[in-house]
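Please open the structure in the viewer and keep the selection tool at hand. The tour proceeds stop by stop, naming what to select and then what is found there.

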Amino acid sequence: MSKQQARFEPYDFNGGTCVAIAGADYCVVAADTRMSTGYNILTRDYSKINKLADKCLMASSGFQADVRALQKVLGAKHLIYQHQHNKQMSCPAMARLLSNTLYYKRFFPYYTFNVLVGFDEEGKGCVYTYDAVGSYEKVGYSAQGSGAKLIMPVLDNQLKSPSPLLLPALDAVTPLTEAEAIDVVKDVFASATERDIYTGDKLEIVIVNADGIRREYAELRKRLIH
Amino acid sequence: MSIFEYNGSAIVAMVGKNCFAIASDRRLGVNLQTVATDFQRIFKIHDKLFVGLSGLGSDAQTLYQRLVFRHKLYQLREERDMKPETFASLVSAILYEKRFGPYFCQPVIAGLGNDDKPFICTMDFIGAKELAKDFVVAGSASESLYGACEALFKPDMEPDELSEVVSQALLASVDRDCLSGWGGHIYIVTPDEVREKILKGRMD
């Protein structure tokens, strides 16, 4: 029998799900507000959505301490960029910066599952989806986190965008209106809350469009069992 | 890769108004290599009772042979078909018999019981039954199936609408799982008839 020694475990899993949808002239990003560890709930009121630049937001699930650290690093790099170039970073530039920042820690990764939303150079909505070490792709919609596997098939089915699974890759924004997209988001989170213990409590939805940034909240089931 | 994901599978059963639907994918693989695109996972026990067996293909086939044997014996002795609830208990007992050397299968049982009331249930590989009123899922694509069914399900659907919902849920879910797919096989069962449909989806 091998000797059992106490080991420092550097990671924890705080759960949560994030979803993002890009439209022709709007972006929607949503995340639940539950933060858990193991079978316990740490708080029912934690925001996973963060603003990186004027019209660029990031939603992250996974290990929230790493998420905080990642935001600090990105915030610092963005500030330096603003000093050097006298303007805010564009969303595609921020997307590449995030990818490089994640890969920098390839051999001791940030345990974060991110989606970035914003507007591209043409003013159309865009969503970038990441894995933990920085592999990224521009898509029309994405889900990350504990409920992602439950949600992605429904987004594939409901958003009527060309699926990211099609080849050659087609322009990916959904033809749905902003209100319809928000309804889809509320529906998928209601479904994910039923079957995923880490998702629930409240749903925070942030909508970015030409008028600016708007925040909405929707209630989700609070109980794990019912 | 887990032994349950060795062959890849996706099974769903859903309850409608005086009817039920049971559907599966058609792929049989060996890890990532596809070996068959017409593999049957749903079997008829009698006109109003179907069982879908996900997990290891070889155990699914063996278990099916044992279940058919036991049902035929039951028919000879009792001179009638088995009720779905009884059949579910039989499957559970047969699986638990092999508690320390199990069949690597997760069965999905669907049937019309007394007064043609739809009955569905699933169980884990050692026979822990899980009854449900709305839908049950099994296989390597089960997480995707849970999400899709939860979003698309409505209570008391007529057979046509139920068939549409099950098809959409199955195809959307297997498209996100590389181990299942190559089309779908759906049975819609009402008290009067059994409708069998082959679905064409992404053939990968």
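Select R202(B), which is partly exposed with a relative accessible area of 30% (buried means under 20% relative accessible area, exposed over 50%, and partly exposed in between, with a 1.4 Å probe and protein chains only). Its side chain meets that of D204(B) in a salt bridge, at 3.0 Å from N to O; the term denotes a side-chain nitrogen of Lys or Arg within 4 Å of a carboxyl oxygen of Asp or Glu. Side chains of opposite charge can pair when their charged atoms come close.

The model is predicted: local features need pLDDT of at least 70, side-chain atom pairs count only at pLDDT 80 or more, and totals for chains, interfaces and linings use all residues. Residues are numbered from 1 along each chain as its sequence is written, chains are lettered from A and ligands numbered from 1 in the order in which they are written, and side-chain values use heavy atoms, with hydrogens and water left out.

**From D204(B) to G52(B)**

Keep D204(B) selected and add G52(B): the two are 152 residues apart in sequence, and their C-alpha atoms are 22 Å apart in space. G52(B) lies in strand 6 of chain B; helices (H or I, at least four residues) and strands (E, at least two) are DSSP runs, numbered from the N terminus. With 0% relative accessibility, G52(B) counts as buried. Beyond neighbours within four places in sequence, G52(B) is in contact (heavy atoms within 4.5 Å) with I11(B), I22(B), R41(B), I42(B), Q106(B), P107(B) and V108(B).

**R41(B)**

Move next to R41(B), in the loop between strand 4 (33–36) and strand 5 of chain B. Is R41(B) buried or exposed? R41(B) is buried, with a relative accessible area of 1%. Not counting residues up to four places away in sequence, R41(B) touches several residues, including N7(B), S24(B), L28(B) and V51(B). The side chain of R41(B) reaches the backbone oxygen of R27(B) at 3.1 Å.

Now add D25(B), which forms a salt bridge with R41(B), the closest N and O atoms being 3.6 Å apart. This pair links distant parts of the chain, 16 residues apart, with D25(B) in strand 2 (residues 20–25) of chain B. D25(B) is buried, as is R41(B).

**Helix 2 of chain B**

Select residues 84–97 of chain B, which form helix 2. Its 14 residues, at 1.5 Å a residue, should span 20 Å, and the end C-alpha atoms are 20 Å apart, which agrees; the expected span is 1.5 Å times one less than the number of residues. Among the buried residues of this helix are F87(B), L90(B), V91(B), I94(B) and L95(B). The cover over the buried residues of helix 2 includes helix 1 (57–78), strand 6 (49–55) and strand 7 (105–112) of chain B.

**Two loop residues**

Select E79(B), in the loop between helix 1 and helix 2 of chain B. E79(B) has a positive phi of about 60° although it is not a glycine, and it is exposed, with a relative accessible area of 71%. Then select D116(B), in the loop between strand 7 and strand 8 of chain B. D116(B) has a positive phi of about 55°, again without being a glycine, and is partly exposed, at 21% relative accessible area.

**Where the chains meet**

Show both chains. How many residues of chain B are in contact with chain A? There are 16, in contact with 16 residues of chain A. The two chains bury about 1,400 Å² between them, 53% of it on carbon and sulfur atoms; buried area is the accessible area (1.4 Å probe) that two parts lose on being put together, summed over both. E143(B), E150(B) and R176(B) supply 41% of the area that chain B buries against chain A, more than any other three residues.

The rule finds three salt bridges across this interface. Select E143(B) and K149(A), whose closest N and O atoms are 3.4 Å apart in a salt bridge. The pair crosses from helix 3 of chain B to helix 3 (residues 148–158) of chain A. E143(B) is partly exposed, at 35%, whereas K149(A) is exposed, at 52%. For the last stop, select D156(A) and R176(B), whose side chains meet in a salt bridge at 2.7 Å, N to O.

Note on methods. Polar contact = N/O pair within 3.5 Å; in protein donor to acceptor, adjacent residues only side chain to side chain.
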